[in-house]
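Trainee: Please take one part of this model and go through it closely. I would like the neighbouring elements and any annotated positions covered as well.

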Amino acid sequence: MEEIKISFKPWWGADKKELTYAFNPENNVTNEIKSLVKSVFENWSITTLKFKEATTFNDSDINIVFVRIDGIGGFVGGADSNYSSHIGTIYLDSDEQWILPSDNFNKDGDVDLESVVMHEVGHVLGLEHSSVEEAIMYPIVLQEKKTKIVNQDDLQKISEIYNVKVNNGSSSSHSNGGDVACCGWRGHIVYGLVSGFIFVVLGIF
């Protein structure tokens, strides 16, 4: 069977071998969160790119910002790529009850920050949503920790974009990059796609 390649046009310059990232200084991000994000980029190291934290926010290729999106629940994060300015942006909802890898889920509404950052970095690198529930790129955040790129679906898609080899696995969705994408909170849900955003309706079924 002929192999199907995923098309993706990088938003960064053709000569780029390293992408830098930086946090909005107004967010006063802790060292623990900075360490978490660094490890996330290392987990995406299957790409042909290298990643490093920039010295200043304005000079970074990838901006990471905590902003108010829609309160607790609903959208927890998003990402977009600006092809004219060559900047990728990761948005994280500042109203969420974020937990770190050292924390345990204690109550409904807790959201694993590492899983969401993993997902959004995947978007800025060219991946779209996956229909595979166990994949990092699944658009709904389930109440479980998914801290590493272990699912074959994620590996297969990223390897097709960057022409690197991984173990054989199945693939179930395609990516074209460049659009805004968002992931939603875990729960009993009904969800749909409107203008690139995933929304969720919480309820008991």
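Mentor: What follows covers one strand with its partners, then the annotated site. This is a predicted model, in which local features need pLDDT of at least 70, side-chain atom pairs count only at pLDDT 80 or more, and totals for chains, interfaces and linings use all residues. Residues are numbered from 1 along each chain as its sequence is written, and side-chain values use heavy atoms, with hydrogens and water left out.

Helices (H or I, at least four residues) and strands (E, at least two) are DSSP runs, numbered from the N terminus. Strand S5 spans residues 87-93, and five of its seven residues are buried (under 20% relative accessible area; exposed is over 50%, partly exposed in between; 1.4 Å probe, protein chains only). Strands pair if DSSP finds at least two bridges between them. Strand S3 (residues 62-67) runs parallel to S5, with six bridges; Asn63 faces Thr89 of S5. On S4 (residues 75-82) the pairing with S5 is antiparallel, again over six bridges, and Ser81 is bridged to Gly88. Four residues separate S4 from S5 in a hairpin, and His86 in the turn has a positive phi of about 60°.

An unreviewed UniProt entry records a "binding site" at His119, His123, His129 and Met137; UniProt positions are given in the numbering used here, feature names are shortened, and annotations may be inferred rather than shown by experiment. These residues span 19 residues in sequence, but no two of their C-alpha atoms are more than 8.9 Å apart, so they gather at one spot. Helix H2 (residues 113-124) holds His119 and also His123. His119 is buried at 2% relative accessibility, and His123 is buried at 6%.
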